[in-house]
Amino acid sequence: MKRKDFFQLVRPVTEKLYRVAYTIIPDDLQAEQLVIDSFNAFLIKEKKMILASREYESMSKKELLVKRRTIFKNILFHMTQIGVRRSGQLTDQTQQTDFKTYFGLEAKVRLVMTLRFDFQFTVEEIEEITGMIKYEVIEKLHNGRFLLLSEINRGVQP
Amino acid sequence: MMDMTKETKNINYQKKIISYIDGSLLPDERSEFEAFVRTNPEFENQLKKKEEELNLIKSLIPVAQISKDSLEALEAEMKVSVFNLLKDEPKGFMDRLSSAWEDFINR
């Protein structure tokens, strides 16, 4: 696939990548940097596969959508690996004033909640993206849901 | 084999509500669950309550927005990465020429 075609293929997921990155690191600049770093890690790892893949023009609309989703999930895999580690090293994330309860959750819990409830990924897809085992994913979903609801029940503002 | 009472059946399906909503039920279990919901109106109400709770949770999850300028800058940076990192090793003069031409027309 030509480089310009590959860029056209991934371009529509940029905003979604930013949304996930911001979930892991709630800071505009850090989230943008995380998108770039994850994208570069993906390009380096999958260079051969991308260059050897079929030409853009020969793919049907459905094939392009499937390919785009696969690429999106692949980039998210790298984002998880880099982002979760990085979020643990950053100390200034608590500047986030909106959605305090949500950003008070552990980065991995936030990530799993966003993938499931914002992007509607299945538990199996979240397993692939995060590298967690199924029961860990389910546990994080359960904990996140429980913590958010108990804060609401205690009358704390979201 | 013992017949399952309606109550036991209800309890078994109640346990599956979260998995159903989570999307972690297997396709077979999912169809079985949906069939049970269709035939049990009281159970359908329980499921609705759980779904309302889920909508509340969704409202507590932020959807980050990126400004138009930042998005354009991010896309530009991604484009540079694509052109820099996806270069095939040129095998000869024609390869070098075609790579340089592609770089030129896409910048």
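The exercises below work through a predicted model of two chains, A and B.

Residues are numbered from 1 along each chain as its sequence is written, while chains are lettered from A and ligands numbered from 1 in the order in which they are written. As the model is predicted, local features need pLDDT of at least 70 and side-chain atom pairs count only at pLDDT 80 or more, whereas totals for chains, interfaces and linings use all residues.

**Exercise 1. Describe chain A as a whole.**

Step 1. Count the elements: chain A has eight helices and zero strands. Helices (H or I, at least four residues) and strands (E, at least two) are DSSP runs, numbered from the N terminus.

Step 2. Take the extent: along the principal axes, the C-alpha atoms of chain A fill a box of roughly 55 × 30 × 25 Å.

Step 3. Find the buried share. A residue is buried if 20 or more other C-beta atoms lie within 10 Å of its own, exposed if 12 or fewer, and partly exposed in between, with C-beta atoms placed from the backbone. Of the 158 residues of chain A, 34% are buried.

Step 4. Look at the contacts. Two residues are in contact if their C-beta atoms, placed from the backbone, lie within 7 Å. Among the contacts in chain A with a separation of 6 or more, 72% join residues 24 or more positions apart.

**Exercise 2. Divide chain A into domains and describe how they meet.**

Step 1. Domain 1 covers 1-94 and domain 2 covers 97-158 of chain A; such bounds come from an automatic or database domain assignment.

Step 2. The centres of the two domains of chain A, taken over C-alpha atoms, are 21 Å apart.

Step 3. Domain 1 of chain A puts eleven residues into the contact, and domain 2 of chain A puts in twelve. On the side of domain 1, α2 and α4 (61-89) of chain A each supply at least two residues. The largest share of that side, six residues, comes from α4(A).

Step 4. Sort the side of domain 1 by class: six nonpolar, three polar and two charged residues. Here Ala, Val, Leu, Ile, Met, Phe, Trp, Tyr, Cys and Pro count as nonpolar, Asp, Glu, Lys and Arg as charged, and the others, Gly among them, as polar.

**Exercise 3. Describe how α6(A) packs against α2(A) and α7(A).**

Step 1. Two packed helices are described by the angle between their axes and the distance between the axes. Axes are lines fitted to C-alpha atoms, for helices over the stretch in contact, and angles run from 0 to 180 degrees between N-to-C directions.

Step 2. For α2(A) and α6(A) the angle is about 150° and the axes are 8 Å apart. Therefore α2(A) is roughly antiparallel to α6(A). Angles under 35 degrees count as roughly parallel, over 145 as roughly antiparallel, 65 to 115 as roughly perpendicular and the rest as oblique.

Step 3. List the residues: Val20(A), Thr23(A) and Ile24(A) of α2(A) meet Ala107(A), Arg110(A), Leu111(A) and Thr114(A) of α6(A).

Step 4. For α6(A) and α7(A) the angle is about 135°, with 10 Å between the axes. α6(A) is therefore oblique to α7(A). The residues in contact are Leu111(A), Val112(A), Leu115(A) and Arg116(A) in α6(A), and Ile126(A), Ile129(A) and Thr130(A) in α7(A).

**Exercise 4. Examine Gln120(A).**

Step 1. Gln120(A) is in the loop between α6 and α7 (123-130) of chain A.

Step 2. Most residues other than glycine have a negative phi. Phi of Gln120(A), a residue other than glycine, is positive, near 55°.

Step 3. Gln120(A) is exposed because it has 9 other C-beta atoms within 10 Å.

**Exercise 5. Describe chain B and its contact with chain A.**

Step 1. Chain B has five helices and zero strands. Of its 107 residues, 7% are buried.

Step 2. The domain assignment gives domain 1 (6-59) and domain 2 (68-106) for chain B, and their centres, taken over C-alpha atoms, are 50 Å apart.

Step 3. The contact between the chains takes 37 residues from chain A and 27 residues from chain B. Within the side of chain A, α3(A) gives the most, with ten residues. By class, that side has 21 nonpolar, five polar and eleven charged residues.

Step 4. Take one residue of chain B. Ile57(B) is in helix α3 (residues 41-59) of chain B. Ile57(B) is buried because it has 20 C-beta neighbours inside 10 Å. Not counting residues up to four places away in sequence, Ile57(B) touches Phe117(A), Arg145(A), Leu148(A) and Leu149(A).
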